[in-house]
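With the structure open in a viewer, please follow this tour from one selection to the next, pausing at each stop to look around before moving on.

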Amino acid sequence: MIDYRGWRHTFKLDPDKSIDEEALEAICESGTDGIIVGGTYGVTFDNTLELMSRIRRYAVPAVLEISSLDAVVPGFDSYLIPLVINAGDPEWIFTPHVSGLKTYGSYIHWDDIITEGYLIANPDAGVAHLTKARSIESTAEAKAYAQVATKICRLPIVYVEYSGAYGDTSIVRACRAGADEAHLFYGGGIRTPEQAAEMAAIADTIVVGNVIYEDLQAALSTVAAVKG
Ligand SMILES: CC(C)=CCC/C(C)=C/CC/C(C)=C/CC/C(C)=C/CC/C(C)=C/CC/C(C)=C/CC/C(C)=C/COP(=O)(O)OP(=O)(O)O
Ligand SMILES: O=P(O)(O)OC[C@@H](O)CO
Ligand SMILES: [Mg+2]
């Protein structure tokens, strides 16, 4: 298993989006700690395999965040399995996981599996619509959700997901408090070194996604802000 606990910065690459070779090299050689491959929609076996094969030319660790059972591709260093702790649609809580275990049960190397307690905090994100995520009404509620993940479900990671929007630092701080010793990922809307540094001061690991496809130089500038 990769040791994500030492990760401070990651890039998330979406198999459903195109990235040219030069940009991919810049991302993989940027000094980031790891690449997460994942997305909410349009993730297929073929586009995931293609992206993984291209990332594999570089030494950077690569993990697959599984969002579709049709796109489980062998060859990643580890597999992140999200459990959406504020899913409003019960079908998203365990149904895909049961299907996954029925389909892949005997092929699973459990040492390569990392579970994430996913707290979806941006109601406008695609994943919020998909899972009918319950809105987070207060910092006390955010902290309680993080505690559900870590103290009740004993998950090793809390992932505060603001995908597409920069988060509310008071909510992220409340999750930090609730997560206690568990590892805290923050992702969403990071576009500047200042934002990267601000969220990295609260979370253990920050995740930078969409800006890669909109402003590559801005994306790259987030690495030094966290690791420089
Ligand atoms: C042969 C081999 C390699 C075997 C491996 C075995 C293995 C690992 C098997 C898996 C077993 C298993 C338990 C599988 C469960 C799979 C599954 C489908 C779980 C459901 C996960 C889930 C709740 C998904 C919902 C969506 C979600 C949380 C996605 C996370 C990623 C995310 C939010 C990305 C951001 O998306 P993006 O597209 O960037 O969004 P924006 O539009 O906002 O930018
Ligand atoms: O794409 P952005 O908004 O940077 O969010 C990163 C990541 O948390 C998405 O799952
Ligand atoms: Mg995205």
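**A nonpolar pocket**

In this predicted model, begin with the second largest pocket, whose lining counts nine nonpolar residues by class, with no polar and no charged residues among them. To bring this lining into view, select Leu 83, Val 84, Ile 85 and Ala 87, then add Ile 93, Phe 94, Val 148, Cys 153 and Leu 155. The space that lies in the second largest pocket comes to about 150 Å³.

**Ligand 1 and its shell**

Next, select ligand 1 and display the 26 residues that surround it, of which the closest are Thr 40, Glu 65, Glu 161, Ser 163 and Asn 210. By class, this shell around ligand 1 divides into 15 nonpolar, seven polar and four charged residues.

Three side chains deserve a distance label here. In Ser 163, a side-chain N or O atom is 2.6 Å from an oxygen atom of ligand 1, while for Thr 40 the corresponding distance from a side-chain N or O atom to an oxygen atom of ligand 1 is 2.8 Å. Asn 210 places a polar side-chain atom 3.0 Å from an oxygen atom of ligand 1. Ligand 1 would expose 1100 Å² if taken alone, and the protein buries 89% of that area. Colouring by secondary structure then picks out β4 (78-84), α3 (95-104) and β5 (113-120), the elements that give two or more residues to the shell around ligand 1.

**Two annotated positions**

Keep Thr 40 selected and add Asp 14, since an unreviewed UniProt entry places the feature "binding site" at these two positions. Asp 14 and Thr 40 span 27 residues in sequence, yet their C-alpha atoms are no more than 8.6 Å apart, so they gather at one spot. Asp 14 itself is found in the loop that runs between β1 (9-13) and α1 (21-28).

**Ligand 2**

Finally, move to ligand 2, where the surrounding residues include Lys 12, Tyr 159, Glu 161, Ser 163, Gly 164, Gly 209 and Asn 210. Which classes make up the shell around ligand 2? This shell has two nonpolar, seven polar and two charged residues.

Among the contacts to inspect, a polar side-chain atom of Glu 161 lies 2.5 Å from an oxygen atom of ligand 2, and a polar side-chain atom of Tyr 159 lies 2.7 Å from an oxygen atom of this ligand. Gly 209 contributes through its backbone, with a polar atom there 2.9 Å from an oxygen atom of ligand 2. Taken alone, ligand 2 exposes 300 Å², of which the protein buries 93%.

Methods. Residues are numbered from 1 along each chain as its sequence is written. Chains are lettered from A and ligands numbered from 1 in the order in which they are written. This is a predicted model: local features need pLDDT of at least 70, side-chain atom pairs count only at pLDDT 80 or more; totals for chains, interfaces and linings use all residues. Side-chain values use heavy atoms; hydrogens and water are left out. On a 1 Å grid over the protein atoms alone, a cavity is a set of points where a 1.4 Å probe fits but cannot get out, and a pocket is an open set with protein on both sides within 12 Å along at least five of seven lines; lining residues have an atom within 4 Å of a point. Grid points are joined across faces, edges and corners, and a volume is the space filled by probe spheres set on the points. Ala, Val, Leu, Ile, Met, Phe, Trp, Tyr, Cys and Pro count as nonpolar, Asp, Glu, Lys and Arg as charged, and the others, Gly among them, as polar. A residue is near a molecule or strand if one of its heavy atoms lies within 4 Å of it. A polar contact is a pair of N or O atoms within 3.5 Å; within protein, one must be able to donate a hydrogen and the other to accept it, and residues adjacent in sequence count only if both atoms are side-chain atoms. Accessible areas come from the Shrake-Rupley method with a 1.4 Å probe; for residues, only the protein chains shown count as cover. Helices (H or I, at least four residues) and strands (E, at least two) are DSSP runs, numbered from the N terminus. UniProt positions are given in the numbering used here, feature names are shortened, and annotations may be inferred rather than shown by experiment.
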